[in-house]
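Dear colleague,

I am handing over the structure below, and after it you will find some notes on what was found. Please read them with the structure open beside you.

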Amino acid sequence: MTTHHPIAIIGAGLGGLTLARVLHINGVEAAVFDLDASPSARTQGGMLDIHEDSGQVALRAAGLHDEFRTLVHSGGEAMRIIDRHAVVHLDETDDGDGGRPEVARGDLRDLLLGSLPEGTVRWGAKTTGAHPLADGRHEVTLADGTSFTTDLLIGADGAWSKVRRLVSDAEPSYEGVSFVEVHLHDARERHPASAALAGDGMFFALGAGKGLLGHHDSTGSLHVYIALKTAEDWISTIDFSDTAAAKAAVLDRFDGWDAGLRALITDADGELVPRPIHALPIGHRWDRVPGVTLVGDAAHLMSPFAGEGANLAMLDGAELGLALAAHPGDVEAALKAYETELFPRSEASAAESAESLVLCFAEDSPKPLLERFADQRPRAT
């Protein structure tokens, strides 16, 4: 017999887990399906700044804000902006009063997982497709050949969402920028000059069409994204399995940059990981489709230059959970209420992300970014 789940969430990322948690504390059961074999099947990335008006709102709705505060990385809200000659143009310290504390993504995910009843997440359950049945129900097929049905299907399955195809023909497109991710382990002990150059929190080293973006993470490593405005096929011209050759190819794009900044590439430990940046169209939305909706990147994938991806995913999950709890027995009313707020919120953040990408990689960078920060500071009266 085919298993039936009243609510099925595809994807155990931050958005899907926040949704499951908010539903749980409101007495609503949900089943979560994730393609990873286990919670530890892959690393969860670096640090996240959790915003007071989005990610922290979600954590409060999930009843986890106090626990979250114990995970905050002290000093992580510091920020430094430098140019390609390593001249520091902005250096802000973390005074502990900011609204965007830093936390390791893996720690935050573990917090959410640990708050759910055992068995909520079905690991090793890769979704291969979904199709509508009658009365708003859907059937979902998995890679192992099994399937299940659900009254409410929620796509929290990221950039290349399978569920999104039920509501939208939109696909992510390349944003003209590619990242190459590297780490310098035990930075303060093994790479003291690089650690000092980066400062205590986030740093942006920017020049025309390129940059080095990074932060210290909770393990003591310096986590760096080498960012390049480049053709979509540039990554395919490099053999990233040959670390030395990959470093040489990337380093060639930073000719004329300060030696200390170039060292962030030459001294990197381990492999270089390419990450082309994609986004859905700004203002992506869909007509109401019975029994299905999206959260997080599945709904509004954007570049990382507004720092909103994880925050919006969690807020989406929390608000959808609250809407469902507020409309017992009327899924469509809950989905309409949720999407009415989702669409304008995500459109504004996507527009901000796109604008920030342009600022960061302008010909006279980092000047435009510095001017934006100057404009945002409170003015004396």
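**Cavity, helix packing and two backbone details**

The count comes to one cavity of 30 Å³ or more, where a cavity is a set of points, on a 1 Å grid over the protein atoms alone, at which a 1.4 Å probe fits but cannot get out. This is a predicted model, in which local features need pLDDT of at least 70 and side-chain atom pairs count only at pLDDT 80 or more, while totals for chains, interfaces and linings use all residues. Residues are numbered from 1 along each chain as its sequence is written, and side-chain values use heavy atoms, with hydrogens and water left out.

The largest cavity has a volume of about 40 Å³, a volume being the space filled by probe spheres set on the grid points, which are joined across faces, edges and corners. Its lining (residues with an atom within 4 Å of a point) includes Leu 280, Pro 281, His 300 and Glu 347. Helix α11 (residues 331-360) gives the most to this lining, with three residues; helices here are DSSP runs of H or I with at least four residues, strands are runs of E with at least two, and both are numbered from the N terminus.

Two packed helices are described by the angle between their axes and the distance between the axes. The axes of helix α1 (residues 14-25) and helix α10 (residues 309-326) come within 7 Å and cross at roughly 30°, the axes being lines fitted to C-alpha atoms over the stretch in contact, with angles from 0 to 180 degrees between N-to-C directions. That makes α1 roughly parallel to α10, a term for angles under 35 degrees. Their contact (heavy atoms within 4.5 Å) involves, among others, Leu 19 and Val 22 of α1 and Ala 313 and Gly 317 of α10.

How are α11 and helix α12 (residues 367-376) packed, and at what angle? The angle is about 130°, with the axes 7 Å apart, and that makes α11 oblique to α12, oblique being the word for angles that are not under 35, over 145 or from 65 to 115 degrees. The contact is made by Glu 355, Ser 356, Leu 359 and Cys 360 of α11 and Pro 368, Leu 369 and Arg 372 of α12.

Most residues other than glycine have a negative phi, and most peptide bonds are trans. The peptide bond from Ser 365 to Pro 366, however, is cis, with omega near 15°, and Pro 366 has its place in the loop between α11 and α12. Ala 86, in the loop between β4 (79-83) and β5 (88-92), has a positive phi, near 70°.

With best wishes

Conventions: 1 Å grid on protein atoms, 1.4 Å probe; cavity = no way out; pocket = protein on both sides within 12 Å on 5 of 7 lines; lining within 4 Å.
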